[in-house]
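Dear colleague,

Please find the structure below, together with its sequence. A summary of what was found in it follows.

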Amino acid sequence: MSPDIPEHAPEPDLLNHLLVCVGSKSDRQAFAALFKHFAPRIKSYLMRSGSSESQAEEFAQEAMVNVWKKAAGFDPAEAAASTWIFAIARNLRIDHFRRLGNRMEQIASDPHEDALAGAEDPEPTPEEQLFGAQCERAVRSAMAALPPEQQLVLRLSFYEEHPHARIAAELGLPLGTVKSRVRLALNQLRRRLDGMQP
Amino acid sequence: MRIRHHPDDALMLAYAAGSLGAGHRLLLDVHLEGCAACRQRMAQLNALGGVMLDELPPAELSPHALERVLARIDAGPGSLADAPRTSTVVGEKPWLPVAWPAAMSGCEVGPWRWMGPGMYWNRVVVPDAPQAKVFMLRIGAGRMLPQHTHSQSELTQVLWGAFDDGRSEFRAGDFDETDGSVRHQPTVQPNGDCICLASVEGTLRFDGWLARLMGASIGM
Ligand SMILES: [Zn+2]
Ligand SMILES: [Zn+2]
């Protein structure tokens, strides 16, 4: 049975479920629903990161092909669908710049691979850690509770190769101030997240 | 192993955003491998990327985008982005008193080369990024590196032993970031060798001609 495709923005849990359906039974209807939500946003992300419209379109399509191919490796206990798909789009961008001979060359590992890497350091204990949907929920609500200008600084940090210059231009701040603004915003975010640890 | 020095928030965010150079990225990969606390922080920053993506206003796609993607899926493999991640071990690596970090498995690591009394270095070639300035240092007990500052940014991950540069002591598992605001002279603790992995963007600026010569010998 395929899940229904809602008209409004799907809930994160539904997106996770759709991605599991794609991975476990190559469900095309679920894929179409994921596509409808994420492909236009991936294109938007890439255009904000400096890609031309046609390049962003091509990347967004390629990212969704990768989503289909790698979906079997998706585990919602490790990362939420949005986190996982973001990593695919980001890695595609890194990979592209590598092929261009730019400085951003190495293909990054997926976030859930980071989470699984050998745990030599005993802290924090697994019970203290937030991964997967739980982590996404906590980050989403911590982000929503930040003052708008801090949310903006964090958002802009994701957009391009020289995010600090972009933020400086967009907010009319001296470049030197931007780094401390980003730190401040991350501090606030972390404070809120720490308050949410189980 | 108690890790006391971690990468700072701005660096972690740049990693999550994909805006770090290949050498700096490798240094963070090695740190994350040994540090559960930073893996948790990174999971949060990746989730932040997901939330950012999720909340972006959608761009308009070309009318047949989905059909095209489905056609590519039906056409089977062949995408460039599908190349398997660096699982192959490139050549022999020199001996280390600890296991080689898995994040370095695709790197080419040259033999230890002499750079001064009790001091050895080697070059680390990052896959697909031969221009990334990554190297390792093996410095004998009690030895001092030449005093220097940095034109841009230097990242250091301690793999073995410990050093102190006057700012703090850095032990195995610890991470350090320095830039032009730091002039330091890392000194290895007297109880044993210290082995570090380092990534430099820009150049190191050594004080004195002998140190500059030493810097030149390692391509800095
Ligand atoms: Zn750490
Ligand atoms: Zn230095």
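**The second zinc site**

The zinc ion (ligand 2) is coordinated by B:H148 (NE2), B:H150 (NE2), B:E154 (OE), B:E154 (OE) and B:H184 (NE2), at 2.0 to 2.8 Å. Donors here are N, O and S atoms within 2.8 Å of the metal (3.2 Å for Na, K and Ca); water is not among the atoms, so sites may look incomplete. Along the sequence, the donor residues of this ion (ligand 2) follow the spacing H-x1-H-x3-E-x29-H. B:H150 is buried, with a relative accessible area of 2%, and B:E154 is buried as well, at 6%. For these terms, buried means under 20% relative accessible area, exposed over 50%, and partly exposed in between (1.4 Å probe, protein chains only).

Before the remaining results, the conventions should be stated. This is a predicted model, in which local features need pLDDT of at least 70 and side-chain atom pairs count only at pLDDT 80 or more, while totals for chains, interfaces and linings use all residues. Residues are numbered from 1 along each chain as its sequence is written, chains are lettered from A and ligands numbered from 1 in the order in which they are written, and side-chain values use heavy atoms, with hydrogens and water left out.

**The first zinc site**

The zinc ion (ligand 1) has as its donors B:H6 (ND1), B:H31 (NE2), B:C35 (SG) and B:C38 (SG), at 2.0 to 2.3 Å. The arrangement is tetrahedral because the 4 donor atoms subtend angles of 101 to 119 degrees. Four donors count as tetrahedral if all angles lie between 85 and 135 degrees. In sequence, the donor residues of ligand 1 are spaced H-x24-H-x3-C-x2-C. Two of them, B:H6 and B:C38, link distant parts of the chain: B:H6 is in the segment before α1 (9-17) of chain B, and B:C38 is in helix α3 (residues 36-54), 32 residues apart. Helices (H or I, at least four residues) and strands (E, at least two) are DSSP runs, numbered from the N terminus. B:H6 counts as partly exposed, at 32% relative accessibility, whereas B:C38 counts as buried, at 0%.

The UniProt record, an unreviewed entry, carries the annotation "domain: Putative zinc-finger" for residues 10-39 of chain B. UniProt positions are given in the numbering used here, feature names are shortened, and annotations may be inferred rather than shown by experiment. The span of residues 10-39 is 83% helix and 0% strand, and its end C-alpha atoms lie 15 Å apart.

**Cavities**

The count comes to 2 cavities of 30 Å³ or more. A cavity is a set of points, on a 1 Å grid over the protein atoms alone, where a 1.4 Å probe fits but cannot get out; lining residues have an atom within 4 Å of a point. The largest cavity has a volume of about 260 Å³, a volume being the space filled by probe spheres set on the points, which are joined across faces, edges and corners. It is lined by 22 residues, of which B:L137, B:L145, B:H148, B:E154 and B:P186 are the closest to its centre. B:H148 and B:E154 also appear among the donors of ligand 2. The elements of chain B that give two or more residues to this lining are β4 (129-139), β6 (153-160), β10 (187-188), β11 (194-201), β12 (204-206) and α5 (209-217). By class, the lining has 16 nonpolar, 5 polar and 1 charged residues. Ala, Val, Leu, Ile, Met, Phe, Trp, Tyr, Cys and Pro count as nonpolar, Asp, Glu, Lys and Arg as charged, and the others, Gly among them, as polar.

**Chain A and backbone points**

Chain A has 9 helices and 0 strands. Of its 198 residues, 55% count as buried. A:A80, in the loop between α3 (53-70) and α4 (81-99) of chain A, counts as buried at 1% relative accessibility. The C-alpha atoms of A:A80 and A:D13 are separated by 8.3 Å, although the residues are 67 apart along the chain.

Most residues other than glycine have a negative phi. A:S26 has a positive phi of about 45 degrees; A:S26 lies in the loop between α1 (12-25) and α2 (28-48) of chain A and is partly exposed, at 45%. B:D128 has a positive phi of about 65 degrees; B:D128 is in the loop between β3 (119-126) and β4 of chain B and is partly exposed, at 48%.

With kind regards

Notes:
1 Å grid on protein atoms, 1.4 Å probe; cavity = no way out; pocket = protein on both sides within 12 Å on 5 of 7 lines; lining within 4 Å. Tetrahedral: all angles 85-135°; square planar, octahedral: opposite > 155°, others 65-115°.
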